[in-house]
Amino acid sequence: AAGNNGCDCLHVPAAMPSVLAVGAMDESGNPMEFSNWGQQYQTQGILAPGQNIPGAGPNDSIVLKTGTSFATPIVSGVAALLLSLQLKQGLKMDPQAVRDAILKSGDSCEKTEDQHCLMGRLNIEEARKHLFSKHTGAIASQTKSSLDGKEQEFKTEIFSSEFLSKLDSEVIPSSESEPRASTDPLINTEVNINKNKGEK
């Protein structure tokens with residue numbers, strides 16, 4: 001999370017060199033006033049939806065939250081899905097390549113100062129294309145020579161525009177399934193988290 005001070009300033013760990021920093025944009029795609037835009041974020045920061053993000057509240061309720069801390073999980077989820085696509089494609093998972101793809105595929109902002117936009121607005125489809133573009137030729141060659149019909153279908157499908165929409169049902173668990181309790185004591189430990197200034 002880039003932080004919510006509304007200034008040309010940095011937060012740690014967002015400002016660390018290997019990190020993908022996330023700023024918040026509103027429902028119209030404009031940078032939110034409180035979202036930080038420090039110099040380090042100009043080369044490693046991306047904007048994602050950070051206004052009225054639904055989340056779990058007390059007594060089984062859904063509450064709407066605003067802030068860079070609520071934009072960050074969206075980008076984390078996208079990064080995880082892109083990593084899963086690398087694995088599913090038979091490639092080695094490469095978090096830095098995923099980070100690079102997300103940063104270089106961001107959409108530019110309109111009617112706003114460039115520094116507030118960081119490296120752009122999150123564009124999932126363009127990030128996917130950027131990540132797998134260098135493998136397209138090799139995969140096409142493998143597809144032609146493969147004797148397995150199902151494998152041919154999959155290797156063609158991975159680059160179709162419909163692939164991400166199908167991914168939801170394949171990778172993301174159904175909301176109807178009952179959650180399983182973890183046996184890991186660390187997961188079941190209650191933790192107090194200090195929220196960044198400016199978040200609601």
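## Salt bridges in two helices

K104 and D100 pair up in a salt bridge, with their closest N and O atoms 3.5 Å apart. That term means a side-chain nitrogen of Lys or Arg within 4 Å of a carboxyl oxygen of Asp or Glu. Before going on, note that this is a predicted model, where local features need pLDDT of at least 70, side-chain atom pairs count only at pLDDT 80 or more, and totals for chains, interfaces and linings use all residues. Residues are numbered from 1 along each chain as its sequence is written, and side-chain values use heavy atoms, with hydrogens and water left out.

Back to our pair: K104 and D100 both sit in helix α3 (residues 95-104), 4 residues apart, or about one turn of the helix. Helices here are DSSP runs (H or I, at least four residues), numbered from the N terminus. Why does that spacing suit a pair? An α-helix has 3.6 residues a turn, so residues three or four places apart point the same way.

How many salt bridges does the structure hold? There are 3, listed here with their closest N and O atoms:

| Salt bridge | Closest N and O atoms |
|---|---|
| K104 and D100 | 3.5 Å |
| R128 and E125 | 2.5 Å |
| K129 and E126 | 3.7 Å |

Now for helix α4, which covers residues 124-132. R128 and E125 are 3 residues apart there, about one helical turn. K129 and E126 also both lie in α4, 3 residues apart, again about one turn.

Which of these partners are buried, and which are exposed? Buried means under 20% relative accessible area, exposed means over 50%, and partly exposed is in between (1.4 Å probe, protein chains only). K104 counts as exposed because its relative accessibility is 55%, while D100 is partly exposed at 28%. R128 is buried, with just 3%, and its partner E125 is partly exposed at 22%. In the remaining pair, K129 is partly exposed at 42%, and E126 is partly exposed at 35%.

R128 has company: the buried residues of α4 are A127, R128, L131 and F132. They cover an arc of only 115 degrees around the axis, so they lie on the same side of α4. The arc is taken from the directions from the helix axis to the C-beta atoms.

E125 turns up once more at the N-terminal end of α4, where N123 acts as a cap: a side-chain oxygen of N123 lies 3.4 Å from the backbone nitrogen of E125.

Definitions and conventions
Helix = DSSP H or I, 4+ residues; strand = E, 2+ residues; numbered from the N terminus. Polar contact = N/O pair within 3.5 Å; in protein donor to acceptor, adjacent residues only side chain to side chain.
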